[in-house]
Amino acid sequence: MITVTGLVQGVGLRPFVYRVAARSGLTGWVRNTNENVMMEISGPGRDISNFISCLRNEAPPAAEIDEINVTEISQKAHNGFSILESSNLSEDITEISPDIAVCDECLEDMSKPGSRYDYPFVNCTNCGPRFTIIEDLPYDRSSTTMRSFVMCPDCRGEYETLTDRRFHAQPAACRRCGPLYELLVNGNTASDNIDFITDYISICIHNEGIVLLKGLGGMHLACDAFNVEAVRKLRNIKRRDGKPFAVMFRDIDSLKLYACTDNHEEASLLSWRRPIVLLEMNKRGIQQVPAVLNSGLKLIGAMLPYMPIHYLLFRKL
């Protein structure tokens, strides 16, 4: 019996365990509990040792394993390997996964013909909403805000296919079965067509407008960071007289036109967390970034896109 504690739910650990066990010819099961991830593994001792080593050293990037406890039990006969239904062991709770920035593979899916073409909620086991959609633990689709969206046959097929990137990805969806964005203008729904919505938002931003974009972790207010009047308008709305605003750049190359980065800062910017990183501006940044944005400081809070809709917008901005 193996129990794993830490940040281990919503990070693709169960599918990872399933793949490693199947690849190693081990039998047993894995399940989420409200406290940890538990698994029962049967097989030759050397294979189990290799399995534990993989668990320590090759876990998904967003997983943070605090402890692995191994207990020998009497051998049981298992028919293959399976992911069992989650269970509650006590009133305790495990760590909850943060939301994970969209991965490169999902961005590629958005450019391919099919049900995920330009779909702004594309995700997989390695990326997408977690904390934003979780309502209860253990982490299963039925305990998230995605439970009201019934997966279409294609999404269900991916969800149940061991070798698929969306194997047991709880937020898995596409434009046929998942959530959609709606454009609200003066409180009224104007459209749910994503192409129309991104066109409208882009035009709004180009014309000194302010948009409110619902996304991971809450609402994101956005305007043209290089337009003085737009930034002043945002300051007035936010009642933020002087505190600097953070700027989202299209990509790392665009960011480097205005700010200096070292290897550590660049790695942080590009990580799955997509944090705001405080950077020293270069000569061009000091000359061209309006003082109203960051109170005339020589530092700028910079970040990169983290949601699919950000990438759709940057195509048009």
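Which residues form one aromatic cluster with Tyr18? Here are some notes on that and on the other ring contacts, with the reminder that this is a predicted model.

1. The cluster consists of Tyr18, Phe81 and Phe167. It is a good place to begin a look at the aromatic side chains.

2. The count of aromatic pairs comes to 7. One of them joins tyrosine 18 and phenylalanine 81: their ring centres are 5.8 Å apart and the planes stand at 90°, so the pair is edge-to-face. Tyrosine 18 belongs to helix α1 (residues 13-24) and phenylalanine 81 to strand β5 (residues 81-83), so this contact ties together parts that are 63 residues apart in sequence.

3. Burial is worth a look for both partners. Tyrosine 18 has 19% relative accessibility and counts as buried, because the cut-off for buried is under 20%. Phenylalanine 81 counts as buried too, at 9%.

4. Phenylalanine 226 and tyrosine 258 also form an aromatic pair, this one tilted, with 5.2 Å from centre to centre and 45° between the planes. Both sit in loops: phenylalanine 226 between β9 (218-222) and α6 (228-238), tyrosine 258 between α7 (252-256) and α8 (263-270), so the pair ties together parts that are 32 residues apart in sequence. Phenylalanine 226 is partly exposed, at 36% relative accessible area, whereas tyrosine 258 is buried, at 12%.

5. Finally, a contact of another kind for your list: arginine 31 places its charged end over the ring of tryptophan 29, 5.3 Å from the ring centre.

Definitions and conventions
Residues are numbered from 1 along each chain as its sequence is written. This is a predicted model: local features need pLDDT of at least 70, side-chain atom pairs count only at pLDDT 80 or more; totals for chains, interfaces and linings use all residues. Side-chain values use heavy atoms; hydrogens and water are left out. Rings of Phe, Tyr and Trp (its six-membered ring) pair if their centres lie within 6.5 Å; planes under 30 degrees apart count as stacked, over 60 as edge-to-face and the rest as tilted. Helices (H or I, at least four residues) and strands (E, at least two) are DSSP runs, numbered from the N terminus. Buried means under 20% relative accessible area, exposed over 50%, partly exposed in between (1.4 Å probe, protein chains only). A charge sits over a ring if NZ of Lys or CZ of Arg is within 6 Å of the ring centre and within 35 degrees of the ring normal.
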